[in-house]
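Q: Please take a close look at the sheet in this model. How do its strands pair, and how does the sheet sit within the chain as a whole?

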Amino acid sequence: FFLGLSRLCDGGHFIFRFGWRGGTLSKSEDEWYLTATQRMFALLFAHFVKVKHFKSEYSHQADTTFYVVAEGFRQDLYTSEGMGDKLCKAIQDILVAKRASDLPDILDFLSGLSTPSVCESIEAL
């Protein structure tokens, strides 16, 4: 996210493939994965005008991956919040993290964006 968003122009689009692992993990793994996913998607919902998903009817129907299309990047908001610096620090922290379950704590700076209404929008993807 850091590299793509740091180079994206105002009004730009961001597309990536995402794989949801929910339901296939233990309860403790599902919890940290869900929290981290909600925080990352909340970042998108806060900094793009529109976020939607796309899954081909012909390819990858058997797996849980889909494409995320975020439209209308709000570069001024991203920059004014210092989000690039925060994501850069998060990457450094992730690289030295001892456990994957540390990810939600590393992304805690995004927790305020992950409101109940945003979480409902994420679930709708």
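A: In this predicted model, strand β3, which covers residues 65-73, pairs with β2 in the antiparallel sense, and the pairing runs over six bridges. One of the residue pairs that can be named here joins F54 to Y67, the latter being the bridge partner in β3. In general, the strands of a sheet pair through backbone hydrogen bonds, in either a parallel or an antiparallel manner.

The pairing of β2 with β3 belongs to an open sheet of three strands, whose order is β1-β3-β2 and whose pairing is antiparallel. The edge positions are taken by β1 (14-19) and β2 (48-54), each of which pairs on one side only. If direction is ignored, neighbouring strands of this sheet are turned against each other by 20° on average.

Set against the rest of the chain, these strands stand beside six helices, the secondary structure comprising six helices and three strands. Read from the N terminus, the elements follow the order α-β-α-β-β-α-α-α-α, so that by the numbering from the N terminus β1 is the strand between two helices, while β2 and β3 follow one another in that order.

For the chain as a whole, 34% of the 125 residues count as buried, and the accessible surface comes to about 7700 Å², with 56% of that area belonging to carbon and sulfur atoms. Where contacts link residues at least 6 apart in sequence, 69% of them join residues at least 24 apart.

Terms used. Residues are numbered from 1 along each chain as its sequence is written. This is a predicted model: local features need pLDDT of at least 70, side-chain atom pairs count only at pLDDT 80 or more; totals for chains, interfaces and linings use all residues. Side-chain values use heavy atoms; hydrogens and water are left out. Two strands pair if DSSP finds at least two bridges between them. Helices (H or I, at least four residues) and strands (E, at least two) are DSSP runs, numbered from the N terminus. Axes are lines fitted to C-alpha atoms, for helices over the stretch in contact, and angles run from 0 to 180 degrees between N-to-C directions. Buried means under 20% relative accessible area, exposed over 50%, partly exposed in between (1.4 Å probe, protein chains only). Contact means heavy atoms within 4.5 Å. Accessible areas come from the Shrake-Rupley method with a 1.4 Å probe; for residues, only the protein chains shown count as cover.
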